[in-house]
Amino acid sequence: MALSRALQRKAAQKTVGVTTDTYLCHQWALDHRIPDEILRTRKSPFTDQVAVQVLTQDLLIRRDLEWASTFMTSGVWSNEIAGGGGGGQVTSWDQTSATILENIAGWHDTVKAACGRRPNVAVISSDLWAVVKNNADVVDRIKYTQRGQVSLDLFASLIEVDEVLMIDSVQATSLENISPVVTSQIASQSFLLAYRSPTPDILVPSAGYVFSWPEFDQVRDAASAGAAGIASWYERAEEAMYYRGKAHYDMKVVAADAAARGVEAAVTGPDHDHIEIKTGGGGCAHRGHCSAGRHSLLSLNRCHRRR
């Protein structure tokens with residue numbers, strides 16, 4: 001803090017304590033093989049564009065999984081609040097007596113007191129968003145706006161953050177061609193309120209960073225939007241086209257006190273984390289991951305550096 005300086009005396013010196021850590025931009029990769037017999041079939045749905053879309057979708061879902069397991073899980077943030085209404089808890093947000101806006105305002109103050117910055121971004125799971133956007137107090141606050149319905153951008157202005165992002169990705173947890181298909185939401189019943197620095201720097205507090213290696217992926221501009229690099233080549237011995245998607249990144253919590261998270265008990269209704277889907281012969285039963293909804297970009301921040 002600046003101090004009064006006497007004539008011809010040295011000014012007080014600013015000191016900053018910095019802890020160090022390491023990160024490693026792991027390579028996440030996936031191949032997609034299309035034989036000639038399929039590619040050359042008349043009216044075949046398999047095209048270069050489809051192959052790129054399939055690989056990009058899977059890589060983005062993987063990115064969401066890594067993001068949620070890093071930032072949207074228990075034991076990560078200094079401030080974790082559970083629903084249920086007991087000691088140290090808030091009333092579950094699906095209850096009529098819930099005070100959602102008051103809760104968030106209090107978390108704003110908690111984060112500001114801890115790191116000196118007010119939160120400027122929020123992340124909410126899709127099941128919790130379905131509860132929040134129908135909350136009577138929230139609806140009443142925006143009913144005279146031009147739209148008259150609750151949207152993520154209106155809610156962002158209501159809780160005084162720059163942006164509210166929704167986790168809406170789903171993964172298939174059952175094996176391929178097994179019925180029923182079992183899917184799971186990547187994040188469920190969670191809300192995160194955080195401060196992210198608009199200018200990443202060692203001396204600036206920020207809840208977390210996603211470090212990427214866009215130079216290696218050769219997608220410098222696309223990487224800033226969470227995309228992956230896609231390569232393709234022809235294997236003569238196999239008579240097939242190969243497509244490979246890959247991305248390099250690592251995710252790190254930087255300031256555990258720069259965020260507050262409302263945990264799973266914020267909703268007391270049925271558990272919608274796992275869903276069974278009956279399918280015929282096909283369906284969405286990919287081994288690994290598939291998405292039942294649009295992908296939402298969820299990075300707290302990005303700092304593009306070489307490893």
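Let me start with a salt bridge: the side chains of Arg 244 and Asp 31 meet in one, with 2.6 Å from N to O. Arg 244 belongs to strand E10 and Asp 31 to strand E1, so this contact ties together parts of the chain that lie 213 residues apart in sequence. Neither partner is buried: Arg 244 counts as partly exposed, at 34% relative accessibility, and Asp 31 is likewise classed as partly exposed, with a relative accessible area of 35%. I should say at once that what we are looking at is a predicted model, and that everything I describe this morning is to be taken in that light.

Staying with strand E10, there is a second salt bridge, in which the side chain of Lys 252 meets that of Asp 21 at 3.2 Å, again N to O. Here too the pair links distant parts of the chain, since Lys 252 sits in strand E10, which runs over residues 240-253, while Asp 21 sits in the segment before strand E1 (26-35), and the two are 231 residues apart. Asp 21 is exposed, with a relative accessible area of 61%, and that value is clear of the cut-off, because exposed means over 50%.

How many salt bridges are there by this rule? The count comes to nine, and I will show you one more of them, which has another character in terms of sequence. Arg 62 forms a salt bridge with Glu 66, where the closest N and O atoms are 3.0 Å apart. Both residues belong to helix H2 (residues 48-71), and because they are four residues apart they are separated by about one helical turn. Arg 62 counts as partly exposed, at 24% relative accessibility.

Let me turn now to the segment before E1, which is where Val 18 lies. Val 18 counts as partly exposed at 43% relative accessibility, and together with Val 16, Ile 202 and Leu 203 it makes a nonpolar surface patch of about 390 Å².

Val 18 also brings us to the largest pocket, which has a volume of about 640 Å³. Which residues lie nearest its centre? They are Val 18, Thr 19, Ile 202, Tyr 209 and Val 254, out of a lining of 23 residues, so that Val 18 and Ile 202 appear both in this group and in the nonpolar patch. As for secondary structure, strand E8 (208-212) and strand E10 each supply at least two residues of the lining. By residue class, the lining divides into 13 nonpolar, five polar and five charged residues.

I would next like to point out two places in the backbone. As background, most residues other than glycine have a negative phi. Glu 160, however, has a phi near 60°, a positive value in a residue other than glycine, and its place is in the loop between helix H6 (152-158) and strand E4 (163-167). Glu 160 is exposed, with a relative accessible area of 61%. Glu 239 has a positive phi as well, of about 50°, although it is not a glycine. Glu 239 lies in the loop between strand E9 (229-235) and E10, and at 44% relative accessibility it counts as partly exposed.

Finally, here are two pairs that you may want to find in the structure in front of you. Ile 38, which lies in helix H1 (residues 36-39) and is partly exposed at 34% relative accessibility, is 202 residues away from Ala 240 in sequence, yet their C-alpha atoms are 9.1 Å apart in space. Arg 141 has its place in helix H5 (residues 136-142) and counts as partly exposed at 46% relative accessibility; Arg 141 and Leu 154 are 13 residues apart in sequence and 9.9 Å apart in space, C-alpha to C-alpha.

To gather the thread on strand E10, then, this strand holds Arg 244, the partner of Asp 31 in strand E1, it holds Lys 252, the partner of Asp 21, and it contributes at least two residues to the lining of the largest pocket.

Key: Residues are numbered from 1 along each chain as its sequence is written. This is a predicted model: local features need pLDDT of at least 70, side-chain atom pairs count only at pLDDT 80 or more; totals for chains, interfaces and linings use all residues. Side-chain values use heavy atoms; hydrogens and water are left out. A salt bridge is a side-chain nitrogen of Lys or Arg within 4 Å of a carboxyl oxygen of Asp or Glu. Buried means under 20% relative accessible area, exposed over 50%, partly exposed in between (1.4 Å probe, protein chains only). Patches are made of residues with over 30% relative accessible area and no salt bridge: like charges are joined within 9 Å, nonpolar side chains (Val, Leu, Ile, Met, Phe, Trp, Tyr) within 5 Å. Accessible areas come from the Shrake-Rupley method with a 1.4 Å probe; for residues, only the protein chains shown count as cover. On a 1 Å grid over the protein atoms alone, a cavity is a set of points where a 1.4 Å probe fits but cannot get out, and a pocket is an open set with protein on both sides within 12 Å along at least five of seven lines; lining residues have an atom within 4 Å of a point. Grid points are joined across faces, edges and corners, and a volume is the space filled by probe spheres set on the points. Ala, Val, Leu, Ile, Met, Phe, Trp, Tyr, Cys and Pro count as nonpolar, Asp, Glu, Lys and Arg as charged, and the others, Gly among them, as polar.
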